[in-house]
Amino acid sequence: IKAIAGNLDLISSGQRQAHPRLKIAVFSQDLSQALDPELTGLELVVNAARRSGQTEISEAEARKVLGALGLSGDKALRASGYLSGGEKAKVAMASFALTPAHFHVYDEPSNHADAQCVEALLKALQDFKGTLLVVSHDRRFVEALKPSHVLTVDQGTALLEARSVRDDDWSWTKVDIDSKDKAKQNKESSNEELLVDIEDEQLRRRRFNAPKLLAKLEIRIQER
């Protein structure tokens with residue numbers, strides 16, 4: 001996500017190409033933890049919108065967005081330090097929603113969100129005219145968005161396909177079986193290596209003791 005957003009250099013071959021005027025906004029899971037605990041939810045949302053260029057936004061507009069996400073009345077006027085984790089997430093999401101961008105990136109947006117907040121977010125995303133990139137384990141949430149492409153990441157590789165989501169996109173059975181098979185193979189391989197090492201050590205000892213055994217045997221023959 002950071003590489004796509006341009007916040008992290010590519011660690012392997014490849015290029016990131018973006019239009020000079022492209023505006024990208026990223027909603028991460030820890031965004032709510034960066035809120036100023038001294039400011040109210042309303043102040044945080046208004047400040048975020050004005051920093052993003054919406055200098056004429058009113059408090060009434062900000063409260064409307066907060067209310068749609070389920071943070072209304074006195075809760076919108078509380079300092080964020082006194083809000084719950086879910087309420088902070090709503091403030092962060094409202095601030096993000098008022099940030100104009102062509103490309104929105106969401107990292108687990110439904111985490112810590114109640115049903116009302118999720119429904120409001122879904123409606124906003126369905127009405128969004130730009131491009132969305134959503135990383136989520138919430139099947140219902142993703143399917144409601146009706147994505148046009150699916151990016152599958154597995155063992156350090158990524159496959160982008162022009163299709164909607166399928167049932168097997170949510171199945172981890174094969175991954176679990178493969179992981180168990182690999183673990184079993186590694187264990188069996190380790191056991192085989194250990195057995196070979198033991199056999200080699202026993203053979204070395206026999207070779208080392210062979211002359212002594214032969215000498216003892218010759219002495220007994222001579223005594224007879």
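Start at Ala25: in this predicted model, Ala25 stands opposite His104 in strand E2. Ala25 belongs to strand E1, residues 24-27. E1 and E2 run parallel, and 4 bridges join them.

Stay on E1 for a moment. Which of its side chains are buried? Ala25 and Phe27 are, and they point to one face. Ile24 and Val26 point to the other face, and they are not buried. So the side chains alternate along the strand, with buried meaning under 20% relative accessible area.

Now follow E2, residues 103-107, to the second largest pocket. E2 supplies at least two residues of the lining there. Helices H3 (59-68), H4 (85-97) and H5 (115-127) each do so too. Which element gives the largest share? H5 does, with 5 residues.

The pocket's volume is about 370 Å³. Its lining counts 16 residues. Nearest the centre lie Val65, Ala97, Leu98, Ala120 and Ala124. What is the lining made of, by class? We get 13 nonpolar residues, 1 polar and 2 charged.

Let's step back to the protein chain. How many helices and strands does it have? There are 7 helices and 5 strands. In sequence order, the pattern reads α-β-α-α-α-β-α-β-α-β-β-α.

Next, burial and contacts. The chain has 224 residues, and 24% of them are buried. Take the contacts with a separation of 6 or more: 60% of those link residues 24 or more positions apart.

Last, the surface. The chain exposes about 16100 Å². Carbon and sulfur atoms supply 52% of that area.

Methods:
Residues numbered from 1 in each chain as written. Predicted model: local features only at pLDDT ≥ 70, side-chain atom pairs only at ≥ 80, totals over all residues. Heavy atoms only, no water. 1 Å grid on protein atoms, 1.4 Å probe; cavity = no way out; pocket = protein on both sides within 12 Å on 5 of 7 lines; lining within 4 Å. Points joined across faces, edges and corners; volume = space filled by probe spheres on them. Nonpolar A, V, L, I, M, F, W, Y, C, P; charged D, E, K, R; others polar. Buried < 20%, exposed > 50% of the residue type's maximum accessible area, 1.4 Å probe, protein only. Pairing = 2+ DSSP bridges. Contact = heavy atoms within 4.5 Å. Areas by Shrake-Rupley, 256 points an atom, 1.4 Å probe, with all protein chains shown as cover.
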